[in-house]
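User: Hello! I am new to this structure and would like to learn what the descriptive words rest on. Could you take me through some of them?

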Amino acid sequence: MNARRWTAGLLAAATAVALVGCTSSKAQEKTCTTTTDGIFECAPDQRSAPPKLAGELLLGGTYDVTEARGQVVVVNFWGSWCAPCRAEADDLEAVYQATKGSGVNFLGINVQDSRDKAKAFEKGRVTYPSLFDPSSKTALALDIPPNSVPATVVLDRDGRIAAVIRAAVKQEGLQPIVERIAAEKSAPN
């Protein structure tokens with residue numbers, strides 16, 4: 001199953017859980033766990049193929065997530081116009097600082113924004129890089145529509161989607177997830 005369909009299914013399940021207030025289906029219970037906060041995590045043997053994430057960085061240059069294989073990558077979708085994004089920025093930076101020594105990278109993906117507004121938003125808030133995705137092309141490839149920002153996706157050391165969080169994050173919620181995924185060993189080749 002490709003990463004896009006897997007993420008779409010996971011996100012559709014999140015919506016169903018949020019709207020109905022019930023637990024996930026029996027098939028999903030075997031593969032992934034869902035918290036009442038809408039955080040989805042999948043066991044290493046149930047993760048899909050790595051998604052493609054590459055593009056132009058907000059501050060110049062390019063980024064390709066394949067260059068980060070062997071490291072956990074926390075991908076956060078944000079916009080300068082997004083109040084919850086402002087609220088979570090300090091928490092994201094705190095988790096980045098606390099975990100970067102454990103082989104964890106962070107990558108922001110700025111959506112539906114102008115470059116100047118995005119740069120102003122990041123200045124003094126976060127020290128990790130962000131892709132500039134004004135058309136939301138990268139976000140939409142992972143089924144993260146701009147109206148669902150903020151969203152955070154945690155990729156394991158093999159680049160596979162290990163967790164999806166469809167809400168603003170707090171350090172106390174995100175850091176244990178990142179540390180748990182960082183403690184996993186890479187899948188054998």
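Analyst: Happily; what follows is a set of questions and answers about a predicted model.

User: Let's begin with S136. How do you know whether S136 is buried or exposed?

Analyst: The relative accessible area of S136 is 0%. Buried means under 20%, so S136 counts as buried. You will find S136 in the loop between β7 (130-133) and α5.

User: And what makes the phi of S136 worth a remark?

Analyst: The phi of S136 is near 65 degrees, a positive value in a residue other than glycine. Q112 has a positive phi too, near 50 degrees, and is likewise not a glycine. Q112 belongs to the loop between β6 (104-111) and α4.

User: Why is Q112 called partly exposed?

Analyst: Its relative accessible area is 39%. The partly exposed class lies between the 20% limit for buried and the 50% limit for exposed, so Q112 is partly exposed. R166 gets that label as well, because its value is 25%. R166 sits in the loop between β9 and α6.

User: What makes β1 and β2 a pair of strands?

Analyst: Pairing needs at least two bridges, and 3 bridges join β1 (residues 32-34) to β2. The two strands run antiparallel. One of the partnerships is that of C32 with C42 in β2.

User: How many residues lie between β1 and β2 in their hairpin?

Analyst: There are 4 residues between them, and G38 in the turn has a positive phi of about 80 degrees.

User: Which other strand pairs with β2?

Analyst: Strand β9 (residues 161-165) does, with 3 bridges and in the antiparallel sense. Here E41 stands opposite A163 of β9. Within β2 (residues 39-42), I39 and E41 point one way while F40 and C42 point the other way, and all are buried.

User: How do you know that the length of helix α6 fits its residue count?

Analyst: Helix α6 covers residues 171-182, which is 12 residues. At 1.5 Å a residue the expected span is 16 Å, and the end C-alpha atoms are 16 Å apart, so the two values agree.

User: Which residues of α6 are buried, and what puts them on the same side?

Analyst: The buried residues of α6 are L174, Q175, I177, V178, I181 and A182. They cover an arc of only 165 degrees around the axis, which puts them on the same side of α6. As background, an α-helix has 3.6 residues a turn, so residues three or four places apart point the same way.

User: How many cavities are found in the whole structure?

Analyst: The search finds 2 cavities of 30 Å³ or more. The largest has a volume of about 70 Å³, and the second largest about 50 Å³.

User: What lines the largest cavity?

Analyst: Its lining includes N76, W78, C85, E88 and F121. Helix α3 (83-99) is among the elements that each supply at least two lining residues, and α3 gives the most, with 4. By class, this lining has 7 nonpolar, 1 polar and 2 charged residues.

User: What classes of residue line the second largest cavity?

Analyst: That lining has 3 nonpolar, 1 polar and 7 charged residues. There are 11 lining residues, and D156, D158, R160, E184 and K185 lie nearest the centre of the cavity.

User: Why is the peptide bond from V149 to P150 called cis, and where is P150?

Analyst: The label goes with an omega near 5 degrees. P150 is in the loop between α5 (137-141) and β8 (151-155).

Notes: Residues numbered from 1 in each chain as written. Predicted model: local features only at pLDDT ≥ 70, side-chain atom pairs only at ≥ 80, totals over all residues. Heavy atoms only, no water. Buried < 20%, exposed > 50% of the residue type's maximum accessible area, 1.4 Å probe, protein only. 1 Å grid on protein atoms, 1.4 Å probe; cavity = no way out; pocket = protein on both sides within 12 Å on 5 of 7 lines; lining within 4 Å. Points joined across faces, edges and corners; volume = space filled by probe spheres on them. Nonpolar A, V, L, I, M, F, W, Y, C, P; charged D, E, K, R; others polar. Expected span 1.5 Å × (residues − 1). Arc of directions from axis to C-beta.
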